[in-house]
Amino acid sequence: MREVKIESSLTVFEDYSSFTEAELNLFQKAKEACKNAYAPYSKFYVGAALLMDDGKIITGNNQENAVYPCGLCAERVAIFHASSQFPNQTYQSIAITIDYDRIEIDDVAFPCGSCRQVLFEYESKQPDKIKIYLLGRNEQVIIVNSVEQLLPFGFSNKLLS
Ligand code: THU
């Protein structure tokens, strides 16, 4: 028997003072995206802004459906859209937020397991890690340096070859 331990870490920032203009712009795009979320059932409005390596930002928000499982999370809407339109691009980072003006919680929303797995796929096929910014209420930000840190035991596409 042997035990395998994988450590994961994140960094918490209480304000925006250490972020660049480009990062603040990405945060702004995620915040704008959550305003257009279609979430009439859960009323949980999520926005994501994905920065591609060519500098373009692709946004997404959650899209719900009367047949609940048909809906899709903001992160997947953003990255599927990016990959479908720009299949050769790689991704630098993604900022994710919930609409703190319409949701009365103070917690940061971490991506669900399915979104982690989807992000994991795209991270696996590019040389560099994708940095994740989770935006909290006010100016709180949590940074996770890679999808691998968010999903330490992800399903690897290497198994399918
Ligand atoms: N949601 C996201 O958009 N991203 C996540 O990572 C978690 C959940 C959405 C899905 C659904 O529309 C609503 O939030 C409540 O689960």
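**Helix packing, salt bridges and local backbone features**

Helices H2 and H3 are roughly parallel to each other, because their axes cross at roughly 25° and angles under 35 degrees are counted in that class. In this predicted model, H2 spans residues 74-85 and H3 spans residues 113-124. The two axes come within 9 Å, and the crossing in which H2 passes H3 is left-handed.

A search of the whole structure identified 6 salt bridges. One of them joins Asp99 to Arg102, with the closest N and O atoms 2.6 Å apart. The two partners differ in their exposure class: Asp99 is buried, at a relative accessible area of 1%, whereas Arg102 is partly exposed, at 39%. Both residues also belong to a network of salt bridges that links Lys35, Asp99, Asp101 and Arg102.

A salt bridge is also formed between Glu148 and Lys129, where the closest N and O atoms lie 2.8 Å apart. This pair connects distant parts of the chain, its members being 19 residues apart. Glu148 is situated in helix H4 (residues 147-150), and Lys129 in the loop between H3 and strand E5 (131-135). Glu148 has a relative accessible area of 39% and is therefore partly exposed; Lys129, with a value of 44%, is likewise classed as partly exposed.

Asp54 and Lys56 make up a further salt bridge, for which the separation of the closest N and O atoms is 3.3 Å. Asp54 is partly exposed, with 38% relative accessibility, and Lys56 is partly exposed as well, with a relative accessible area of 40%.

Contacts between residues separated in sequence were also examined. Ile96 and Leu134 are 38 residues apart along the chain, yet their C-alpha atoms are separated by 5.1 Å. Ile96 belongs to strand E4, which comprises residues 91-98. Its relative accessible area of 3% falls under the 20% limit, so Ile96 is classed as buried. Leu134, for its part, has a number within the range of strand E5 (131-135).

On the surface, a nonpolar patch is formed by Val4, Ile6 and Phe153, which together present about 320 Å² of accessible area. Among these residues, Ile6 is found in the segment before strand E1 (11-13). Ile6 is partly exposed, its relative accessible area being 44%.

Two residues are notable for their backbone conformation. Most residues other than glycine have a negative phi. Lys43, although not a glycine, has a positive phi of about 55°. Lys43 is placed in the loop between helix H1 (21-35) and strand E2 (46-52). With a relative accessible area of 49%, Lys43 is partly exposed, since the exposed class is reserved for values over 50%.

Asn138 is the other residue described here, with a positive phi near 55° in a residue other than glycine. Asn138 lies in the loop between E5 and strand E6 (141-144). In contrast to the partly exposed Lys43, Asn138 counts as exposed, at 65% relative accessibility.

Conventions. Residues numbered from 1 in each chain as written. Predicted model: local features only at pLDDT ≥ 70, side-chain atom pairs only at ≥ 80, totals over all residues. Heavy atoms only, no water. Patch = residues over 30% accessible without salt bridge, like charges linked within 9 Å, V, L, I, M, F, W, Y side chains within 5 Å. Areas by Shrake-Rupley, 256 points an atom, 1.4 Å probe, with all protein chains shown as cover. Salt bridge = Lys/Arg side-chain N within 4 Å of Asp/Glu carboxyl O. Helix = DSSP H or I, 4+ residues; strand = E, 2+ residues; numbered from the N terminus. Buried < 20%, exposed > 50% of the residue type's maximum accessible area, 1.4 Å probe, protein only. Axes fitted to C-alpha atoms, helices over the stretch in contact; angles between N-to-C directions. Parallel < 35°, antiparallel > 145°, perpendicular 65-115°, else oblique. Left-handed = near helix turned anticlockwise from the far one by under 90°.
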